[in-house]
Amino acid sequence: MTAATLHSKSVPPRGAWLTIALLFLFMLINFADKAVIGIAAVPIMQELKLSPREFGLVGSSFFLLFAVSAVATGFLVNRVQTRWVLLVMGLIWALTQFPMLGAVGFGTLVACRVALGTSEGPALPVALHAAYKWFPNELRTLPTAMIVQGGAIGVMVALPVLNWVIVHYSWHWAFGVLGVAGLAWTAAWLMLGREGSLAPRAATGAAPMLERVGYRQLLFSPTILASWCASFGANWGLSQALAWQGAFLIKGLGLAQGSIGLLGALPAGASAVAMIAAGWYSQRLLTRGTPSRLARGVLGGGCVALGGAALALMPYFPGIPVKIALTTLGVALPSVIYVISNAIVGEITPPAQRGALLAIGTAVGTSAGLLAPYVMGSVIETAASPLDGFNTGFTICGVIMLVGGAIGLALMHPERDARQWAAGNMPEPGTASAY
């Protein structure tokens, strides 16, 4: 094979980066839709007279059908072009925002968040499945990072803008702005979105890629299970921050609504830097021959564990700046696993089953969002003061992250699983194996 042929196989097809740009914007809107509830938390609670536990239920309701729709759509995109699935999802996102422009009650708010969560559940796995049709395995880490960090950029850009809308108009109009943005993206994707056609191939030096692996083997793979445990911990912190960061800054630390736009965006900004830096560094290690066990597994699990430590220690440090810094690190560092986990699953899962496995992973990880906002609301409601409640909630979150990160560090080993599948000797679930 000539050097020119090798080079051509390591360069994505024409149009690949335009697709990544559109998917970046797709995830930007996705996370802005999620984050608006947090930045508008206090005005919503005041207008609708909601208790902390009730508002926690609103935050958790977004994830009620999130996992179910993620799995169902994951199997769907194994048979239907991702181009059309993404188009329908974008349209539904926009339409679920517009009811918020009128007078709403608790029931309407919950119903719209459930509907939005149902349509946004498959967003990341479907976007990554679409992107992986344009890039071979050894070039996927950076595109994965760019798409995933679109969510962080979405929060970082949207929160100051949406907070300005809330302060100068009302929280209702913040939802309306997101509806218009969703319609604009849908029109752009209809005109410019295309389906990739890159034939799957194994990376140089990798184990042979099988056409299919039994779902039982995939679902009980130590690497895949460990990546999902780490993702669960990271998603606990993310969903808690999306629902409660604004209230923490106002009710916990005593800041004014008008001053929290940029502060609320700090975790997202730091997450964007962490994800793109980790994606670049991981891809650099891989291209230099570093095992994926180190370039992806150790890097991802370690970042989740460090983020958990930051949140668990935060209550013991006095001072508003220190608390803001530690909560920022506690959300930003674990965000690296969103890049790593999906890249690992894409690395070892046969292409015909990749969409389903990415969706199942999203379902497992984001199921943390069904619990975290409600748990935080419950501990705030029963605490002696709002700050005491927030401190307890952050401690719980930190411990969960530490456990998930430790599991990821110990068990994420994609080369081992891929080679065992290729050799036909993957241990059956429940039997001893050389971890």
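Lys49 comes straight after helix 3 and has a positive phi, near 55°. Helices here are DSSP runs of H or I with at least four residues, strands are runs of E with at least two, and both are numbered from the N terminus. The model is predicted: local features need pLDDT of at least 70, side-chain atom pairs count only at pLDDT 80 or more, and totals for chains, interfaces and linings use all residues. Residues are numbered from 1 along each chain as its sequence is written, and side-chain values use heavy atoms, with hydrogens and water left out.

Helix 3 itself spans residues 41-48 and is mostly covered, with six of its eight residues buried. Buried means under 20% relative accessible area, exposed means over 50%, and partly exposed lies in between (1.4 Å probe, protein chains only). The buried set is Ala41, Val42, Pro43, Ile44, Met45 and Leu48. These residues pack against helix 2, helix 4, helix 7, helix 9 (141-168), helix 10 and helix 12 (222-252).

Now step back to the whole chain. It holds 20 helices and zero strands. Of its 435 residues, 58% count as buried. Contacts (heavy atoms within 4.5 Å) reach far along the sequence. Among those with a separation of 6 or more, 85% join residues 24 or more positions apart.

Two of the helices that pack against helix 3 also share a charged pair. The structure holds two salt bridges, each defined by a side-chain nitrogen of Lys or Arg within 4 Å of a carboxyl oxygen of Asp or Glu. In one of them, Lys34 meets Glu120, with the closest N and O atoms 3.8 Å apart. Lys34 sits in helix 2 and Glu120 in helix 7 (residues 106-120), so this pair links parts of the chain 86 residues apart. Both Lys34 and Glu120 are buried.

The other bridge joins Arg53 and Glu381, at 3.0 Å from N to O. Arg53 belongs to helix 4 (residues 52-61) and Glu381 to helix 18 (residues 372-382), 328 residues apart. Arg53 is partly exposed, at 28% relative accessibility. Glu381 is also partly exposed, with a relative accessible area of 35%.

Go back to helix 2 (residues 16-39), which also carries Asp33. Asp33 is buried yet has no salt bridge. The nearest side chain of opposite charge is Arg113, 6.7 Å away. For charge, Lys and Arg count as positive and Asp and Glu as negative, while His and the chain ends are not counted. Leaving out residues up to four places away in sequence, Asp33 touches Trp93, Gln97, Arg113, Leu116, Glu120 and Leu178. Glu120 is thus a contact of Asp33 and the salt-bridge partner of Lys34.

The surface comes next. The accessible surface of the chain is about 16,600 Å², and 71% of it belongs to carbon and sulfur atoms. Areas come from the Shrake-Rupley method with a 1.4 Å probe; for residues, only the protein chains shown count as cover. Leu18, Leu76, Val80, Trp84, Leu190, Met191 and Leu192 make a nonpolar patch of about 640 Å². Patch residues have over 30% relative accessible area and no salt bridge; like charges are joined within 9 Å, and nonpolar side chains (Val, Leu, Ile, Met, Phe, Trp, Tyr) within 5 Å. Helix 10 (residues 171-192) gives the most to this patch, with three residues. Trp84 comes from helix 6 (residues 82-97) and is partly exposed, at 40%.

Last, the cysteines. The structure holds zero disulfides (pairs of cysteine sulfur atoms within 2.5 Å). Cys112 is buried, at 13% relative accessibility, whereas Cys229 is partly exposed, at 32%.
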